[in-house]
Each structure stands twice: as C-alpha cells, then as structure tokens.
Amino acid sequence: MAGRDGARDTGLPAGRPSGLVGKEIAGYRVEAEIGRGGMAVVYRARDLRLDRTVALKLLAPELARNDTFRKRFAHESRVAASIDHPHIVPVFEAGETEGVLYIAMRYVAGQDLVALLAREGPLPPPTAVRIAAQVASALDAAHAHDLVHRDVKPGNVLVAEGTDRDHPEHVYLTDFGLTKKSLSLTGFTTVGEFVGTLDYVAPEQISGKPVDGRCDVYGLACVVFETLAGVPPFRRETDWAVLWAQQYDPPPPLAEHRPGLPEAVDAVFARALAKTPEERYGTCLEFVAELRAALARAPGGPAPATGPGHRSPGPPREPPGWARPVFRRLDVRP
Ligand SMILES: Nc1ncnc2c1ncn2[C@@H]1O[C@H](COP(=O)(O)OP(=O)(O)OP(=O)(O)O)[C@@H](O)[C@H]1O
Ligand SMILES: [Mg+2]
C-alpha cells in the first residue's frame with residue numbers, strides 16, 4: 001500500500017511535481033503543486049476566465065480509461081457540485097481535457113487533517129468535537145441528496161482558519177464519489193498495488209455489500225477516534241490484518257491511547273463502529289451529539305449539546321465559596 005504522506009507516482013503527465021507548473025490546462029494556469037494522493041495531483045491554479053485562484057485536481061489517466069469510473073465521476077461530480085453547503089468544498093467545474101479528468105474547486109487555504117494531526121498530535125476534545133460536527137453536517141447534507149461519500153479520511157478533511165474566536169477553524173470535506181474503491185478494480189492499480197488507506201473503510205465496503213450513508217458514519221467515527229487517540233481504531237502490522245480487524249475486532253478502549261477521557265466515550269464509538277450498519281447511529285450528527293455528551297462528563301470536556309433531545313443537566317454544581325455559609329445556615333444542600 002502506498003504511504004498516505006509520501007509522494008506517489010500517479011502516472012499523470014506531471015511525473016515530476018513541478019512538471020505542469022506554468023502550463024495552461026482547460027483555461028487554468030497551473031501555479032504550484034499542493035499535494036498528491038494515490039490517484040490524483042492537486043495544484044493551485046489561476047482560473048483565467050474569472051481571474052481567481054482555484055484548486056485544480058487532475059486524475060490519473062488510468063481512471064479516465066475506466067468506463068465505470070468515468071460514468072460515476074460525471075454523475076457524482078454533478079451531484080456534489082449541486083450541494084451548496086458551508087462544509088463541502090464547492091466544485092466549480094468538472095471535465096476532461098486531452099484524456100485527463102479534472103475538477104476545479106475552491107482553493108482552501110490551510111492544511112488537511114493528516115497534516116494537522118502530524119503537527120499537533122491528538123487534539124483537545126473540544127477541538128475534535130468542533131471538527132467532527134462540521135464534517136458530520138457535510139455528510140448528513142450529502143446523504144440527504146442520496147450521495148454517499150465512501151472515502152471519509154483525514155486527507156479529505158481540509159481545515160481552514162475560522163471566522164472568530166468561537167469558530168477557530170472552518171472545516172471542508174472534499175472528494176465526493178472519487179474513491180478508488182468505486183472502481184471496478186476495487187482500488188488496485190495495474191501493478192496490483194492497493195492505493196490509499198484501509199484505516200477508515202467500513203466492513204460492508206470490504207465485503208462488497210451495498211453501502212449507504214452509514215458507511216460514512218463508520219468512516220467518520222474512525223477519523224474522530226484518530227483525532228482523539230492519535231491513531232485510527234484498527235492499526236495493524238499489515239493491510240490484511242487491518243481488513244480483518246475492521247470486519248471482526250471490537251474497537252479498543254480509547255483510554256489505551258488517550259487516558260483521562262470518560263469511559264462513556266467507548267460506548268459511543270462501539271455503536272458508531274458497529275460491524276453491521278443497522279447497529280450504528282442513523283446520522284453522523286447523532287453520533288457527534290452523543291460523543292459531545294459523553295465527553296462532557298469529564299472535567300475540561302466540551303459543553304453538552306443544547307436543544308431538544310439533548311438536555312442532560314448533570315450533577316448540581318458546588319456553590320461558590322462566598323455562598324457556602326448561607327447554604328450551611330439554611331441547611332440547603334445544593
Ligand atoms: N480544494 C483544495 N484546496 C486546497 N488543498 C487541497 C484541496 N483539495 C485537495 N487539497 C490538498 O491536496 C492533497 C491531495 O489530495 P488528494 O485528494 O489527491 O489525495 P488524498 O485525499 O490525500 O489521498 P487519496 O488519493 O488516497 O484520496 C490533499 O491532502 C490536500 O492537502
Ligand atoms: Mg482527497
């Protein structure tokens with residue numbers, strides 16, 4: 001399996017990272033390479049018609065040659081472009097030029113969650129919950145349009161600066177319908193190497209069963225587990241062992257990696273990571289609401305969710321020191 005951080009040969013004409021810089025493709029001038037995954041290279045580019053900066057994603061030519069993928073690419077990029085959501089990267093254009101499929105989308109200044117976790121390590125619970133809630137709202141919106149992401153993973157979560165102190169980060173989800181797992185070759189390249197990561201793949205995806213939004217609940221739960229624990233729930237020595245674990249092993253207690261969080265969190269992950277979709281939360285936001293409530297039981301955790309269905313008053317708080325004599329005198333126990 002290709003490492004998710006390392007530079008990978010996508011077979012694109014770029015070959016070398018800087019191969020296309022300065023060139024013009026379908027009305028975009030390529031300015032710099034931003035990153036590359038297992039099947040695409042993403043560039044910062046200038047939209048010459050509208051004179052704005054975009055992210056231009058060029059997909060590997062072998063994908064353009066795969067008919068199933070092309071059809072799905074055309075369909076799903078149209079659906080993704082039609083979803084207007086604050087946490088989904090807006091797609092401006094998707095097309096094909098000289099045998100290469102491309103997508104022009106909003107350029108998100110910031111870093112992806114892989115880079116953020118590499119830099120910061122496991123995140124404070126309030127930050128993890130803020131990020132999870134934004135990704136969850138994006139996924140639930142997509143599911144409402146009958147669109148399943150299928151490839152929720154840290155590399156597809158882009159974290160930009162937020163608007164103010166109450167919203168320190170603005171999170172975007174990207175790459176709808178672009179998963180290699182949608183290929184008829186199920187993600188294996190011509191040389192038989194699996195490109196990408198199996199750390200976030202739901203059991204029903206592995207066994208080739210039909211998937212729905214609940215496979216994204218599973219993927220999101222793997223990602224959120226990693227933001228809290230520093231590692232995804234099923235880290236194993238080999239790809240085969242990861243596949244086995246996703247299908248059969250229970251997720252480990254979070255405390256194995258991150259001591260000090262309330263045990264209630266484990267029950268939330270157990271349900272979100274259930275092996276059968278029927279046993280999982282029905283929506284991604286439901287999962288995040290339960291997680292927030294579970295984390296709130298620990299000192300320093302985020303505040304419990306408010307609003308209908310989320311009232312959890314918790315134990316009464318100690319009175320402030322100056323009020324204690326009053327309570328003692330009246331013999332009122334708070
Ligand atoms: N709209 C965007 N704005 C800014 N950076 C982006 C944008 N889209 C993608 N990137 C960056 O480009 C990197 C490569 O993206 P790409 O989707 O090709 O790979 P990946 O998602 O990491 O892996 P995989 O190929 O397995 O899907 C991303 O990790 C991200 O950092
Ligand atoms: Mg991606």
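Which residues touch the most other members of the largest nonpolar core? They are Leu56, Ala132, Val135, Leu220, Ala221, Phe287 and Leu291, within a core of 85 residues. The model described here is a predicted one.

## Overview

The chain has 334 residues, and buried residues make up 39% of them. Its secondary structure comes to 10 helices and 9 strands. Among contacts between residues at least 6 apart in sequence, 61% join residues that are at least 24 apart.

## The nonpolar core

Helix α6, residues 213-229, supplies the largest share of the core, with 11 residues. Both domain 1 (24-106) and domain 2 (111-295) give residues to the core, so the core lies between the two domains.

Leu56 is one of the residues that touch the most other core members. Leaving aside neighbours within four places in sequence, Leu56 is in contact with Tyr28, Val30, Tyr43, Ala45, Tyr102 and Ala104.

## The sheet of six strands

An open sheet is built from 6 strands in the order β1-β2-β3-β4-β6-β5, and the pairing is antiparallel. The edges are taken by β1 (24-25) and β5 (91-97); each has a single partner strand, so one side of each is left without a neighbour in the sheet.

Strand β3 (residues 40-47) and strand β4 (residues 52-59) run antiparallel and are joined by 8 bridges. Within this pairing, Ala45 stands opposite Val54 in β4. Ala45 is also among the residues in contact with Leu56.

Helix α2, residues 67-82, lies across β5 and β6 (100-106). The helix runs at about 165° to β5.

Strand β4 also holds Lys57. An unreviewed UniProt entry places the feature "binding site" at Lys57. Is Lys57 buried or exposed? Lys57 counts as buried, because it has 25 C-beta neighbours inside 10 Å. Apart from neighbours within four places in sequence, Lys57 is in contact with Ala40, Val42, Tyr102, Ile103 and Met105. Tyr102 is among the contacts of Lys57, and Tyr102 is also among the contacts of Leu56.

In a regular strand, the side chains alternate between the two faces of the sheet.

## The sheet of three strands

A second open sheet has 3 strands in the order β7-β8-β9, with antiparallel pairing. Strands β7 (110-112) and β9 (167-173) are the edge strands, and each pairs on one side only. From one strand to the next, the twist averages 35°.

Strand β7 and strand β8 (residues 157-164) run antiparallel and are joined by 3 bridges. Strands β8 and β9 pair in the antiparallel sense over 6 bridges, and they form a hairpin with 2 residues between them. The following table gives residue pairs that stand opposite each other in this sheet.

| Residue | Partner | Strand of the partner |
|---|---|---|
| Gly110 | Ala160 | β8 |
| Asp112 | Leu158 | β8 |
| Ala160 | His170 | β9 |

Ala160 thus appears twice: Gly110 stands opposite Ala160, and the bridge partner of Ala160 in β9 is His170.

Helix α4, residues 125-144, packs on the sheet of three strands and touches β8 and β9. The direction of helix α4 makes about 35° with that of β9.

## Two residues in helices

His143 has its place in helix α4. This residue is partly exposed, because 19 other C-beta atoms lie within 10 Å. Not counting residues up to four places away in sequence, His143 touches Val148 and Gly213. His143 and Gly213 are 70 residues apart along the chain, and their C-alpha atoms are separated by 5.8 Å.

Ala270 lies in helix α8, residues 264-272. What is the exposure of Ala270? Ala270 counts as partly exposed, because it has 15 C-beta neighbours inside 10 Å. With neighbours within four places in sequence left aside, Ala270 is in contact with Pro250 and Pro251. The C-alpha atoms of Ala270 and Pro251 are separated by 6.6 Å, with their positions 19 residues apart along the chain counted as the distance apart.

Note on methods
Residues are numbered from 1 along each chain as its sequence is written. Chains are lettered from A and ligands numbered from 1 in the order in which they are written. This is a predicted model: local features need pLDDT of at least 70, side-chain atom pairs count only at pLDDT 80 or more; totals for chains, interfaces and linings use all residues. A nonpolar core is a set of buried Ala, Val, Leu, Ile, Met, Phe, Trp, Tyr and Cys residues joined through C-beta atoms within 7 Å. A residue is buried if 20 or more other C-beta atoms lie within 10 Å of its own, exposed if 12 or fewer, and partly exposed in between; C-beta atoms are placed from the backbone. Helices (H or I, at least four residues) and strands (E, at least two) are DSSP runs, numbered from the N terminus. Domain bounds come from an automatic or database domain assignment. Two residues are in contact if their C-beta atoms, placed from the backbone, lie within 7 Å. Two strands pair if DSSP finds at least two bridges between them. Axes are lines fitted to C-alpha atoms, for helices over the stretch in contact, and angles run from 0 to 180 degrees between N-to-C directions. UniProt positions are given in the numbering used here, feature names are shortened, and annotations may be inferred rather than shown by experiment.
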